[in-house]
Amino acid sequence: MRTLDDLLIVAGAALDERCAELEPSTSDRNVGRSPRRHLVVGAAASVVVISSVAVLAVRNGGDVGDGASVAPGSPLTAPISETLDTLPPMSSDSATPASTGVPSTTIPSLAGPIAKGSSGEDVRRVEERLAELGFFVGDIDGEFDSLTEQAVWAWKKLVGDVSWQEFDDDPAKTTVTPEIWQTMLQPTDIAPRRPQGDESTHVEIYLPLQVMAVFIGDRPVLIAHVSSGEVVDDGVDPTMFCEVVTLDTDANGEPVDPPQEKAICAETRTPGGVFEITRRLDGKRIGPLGGMYRPQYFNYGIGLHGAENVPTRPVSHGMVRISTAAADAAWSLLDRGDRVYVWGQDGEEPEEYERSESLPSFLYPAPDGSAAP
Amino acid sequence: MLDRQRTLDGFESFVATTGERVRRALVAYYGIEIGAEAAAETMAVAWQRWGEIAVMDNPGGYLFRVGQSCARPHVRWRRRSAEFPSADPSSVSDDAAVVDLLRSMRRLPVAQRACVLLVKSYGFSYREVAEVLGITEAAVTNHVHRGLRRLRSMMEVNP
């Protein structure tokens with residue numbers, strides 16, 4: 001009878017063989033069919049040739065900076081027709097700038113405005129472009145669903161420079177017009193405000209924008225719309241809430257047994273500051289104040305989590321909500337110890353918060369024991 | 001003046017070594033279909049940024065994370081654990097014991113599964129696995145031991 005060790009080796013070989021049988025996918029690539037080299041050929045063939053040559057050549061010339069623009073015709077969206085054998089020779093005196101990687105076919109404009117509920121090629125193009133820029137769009141399927149909507153919101157706020165208050169009031173906030181599409185196509189550099197200068201992963205949460213971004217090696221890999229702690233009309237100060245809650249954990253998330261019912265009050269504040277991810281819970285957690293999917297805590301009981309409802313305005317009791325699908329992506333990209341920078345609603349830089357100002361609002365008993373706000 | 005042939009040779013050998021490790025780690029996480037697709041897209045990124053990647057300290061770790069973000073649009077969270085080893089597990093091998101083992105591995109936490117696969121099936125060192133997955137060697141040791149223990153109890157085979 002074979003041992004577990006034997007079976008593991010056979011299983012590994014079987015997995016390798018099945019992978020080798022898979023052909024390079026997507027009809028966009030005209031790739032030679034040599035299986036042994038398919039990864040190399042697939043890799044080279046899926047690059048828009050001129051831009052790759054120019055990037056390497058210009059990099060030698062030393063004038064491509066850290067925030068190199070992403071041209072509209074970059075690899076993930078352009079049709080590809082070159083194979084390894086037809087790569088033009090590279091030369092270090094190429095004058096071709098990196099941003100002219102666009103193939104001869106221009107990217108078509110949108111036929112008309114699209115919004116939630118639309119479907120088709122126009123939607124797919126928008127999804128692809130947003131995904132290319134680093135926005136989380138969910139499935140790229142040509143269906144303008146709520147994930148696509150949140151990606152459009154995030155783009156409008158981060159790149160379109162619209163505050164969440166103005167944005168919240170705009171009845172056309174979800175619509176992507178042909179003009180907006182043209183703006184989306186322009187070379188866009190979404191750079192971190194706190195570049196780490198290495199390959200580490202870090203998170204930046206811009207509360208005044210209600211947008212967050214995960215950077216790996218200072219490149220954006222997940223940009224998402226968020227809804228954080230509710231604020232009053234000035235857009236800065238948190239609100240107060242009082243509720244009867246069942247507490248089965250304390251402020252640090254440690255279990256409290258038996259669970260207690262209490263009338264409590266707290267501020268709906270998401271503080272600014274510099275933090276790191278301390279605890280992560282895989283699965284759905286029913287906290288005292290509602291359901292949280294895959295919470296990743298970075299400031300005592302405050303963390304990033306998935307939620308069904310992520311509206312355009314901040315509505316939470318302090319946690320930073322993103323869609324459940326984005327929470328899945330964030331789960332696989334992040335780990336304990338990853339640094340989290342939060343720009344508070346008052347517009348201060350993360351480093352400017354005193355330690356006491358960075359603390360969340362802890363639950364305290366309602367003044368007269370009742371739950372009246 | 002860049003030597004095109006040497007650049008291509010260097011990239012090819014990179015794909016055969018580090019690239020293969022990244023592919024196997026991605027398959028361990030996402031199964032064959034999504035893992036291999038993500039690996040191919042990742043190697044495209046590696047080619048495009050070859051100048052930087054060739055001189056990184058830990059290109060495998062960087063590319064594994066790139067691969068995770070490539071895999072992301074393809075993974076539905078409700079079915080995530082069902083993606084390994086494949087959308088059709090029985091197609092992976094004619095050997096029923098191997099298919100059983102892979103189905104059991106599906107039930108491991110993904111980090112344990114990846115560490116067991118990379119160390120025990122492919123013979124990578126704990127250090128190599130720690131680098132590609134971006135965790136400590138101590139964590140790899142933990143994952144391998146716990147993963148094997150769970151597999152043994154699931155399969156009731158001789159250790």
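This passage describes a sheet in chain A of a predicted model and the elements that pair with or cross it. Local features are reported at pLDDT of at least 70, side-chain atom pairs count only at pLDDT 80 or more, and totals for chains, interfaces and linings use all residues. Residues are numbered from 1 along each chain as its sequence is written, while chains are lettered from A and ligands numbered from 1 in the order in which they are written.

The model scores ipTM 0.89 and pTM 0.51. For chain B, the mean pLDDT (the predictor's confidence in each residue, from 0 to 100) is 85, with 90% of the residues reaching 70 or more.

In chain A, five strands (DSSP runs of at least two residues, numbered from the N terminus) form an open sheet of mixed pairing in the order E3-E2-E1-E12-E6, where two strands pair if DSSP finds at least two bridges between them. The edge strands, each pairing on one side only, are E3 and E6 (273–276), and the twist from one strand to the next averages 20 degrees.

At one edge, strand E2 (residues 211–216) and E3 of chain A are antiparallel and share six bridges, with A:Met212 having A:Ala224 as its bridge partner in E3(A). Two residues lie between these strands in the hairpin, in which A:Gly217 adopts a positive phi near 60 degrees. Of the seven residues of E3 (219–225), six are buried, that is, 20 or more other C-beta atoms, placed from the backbone, lie within 10 Å of their own.

At the other edge, E6(A) runs antiparallel to strand E12 (residues 339–343) of chain A and is joined to E12 by four bridges; here A:Glu276 is opposite A:Arg339.

Terms used:
A residue is buried if 20 or more other C-beta atoms lie within 10 Å of its own, exposed if 12 or fewer, and partly exposed in between; C-beta atoms are placed from the backbone. Axes are lines fitted to C-alpha atoms, for helices over the stretch in contact, and angles run from 0 to 180 degrees between N-to-C directions.
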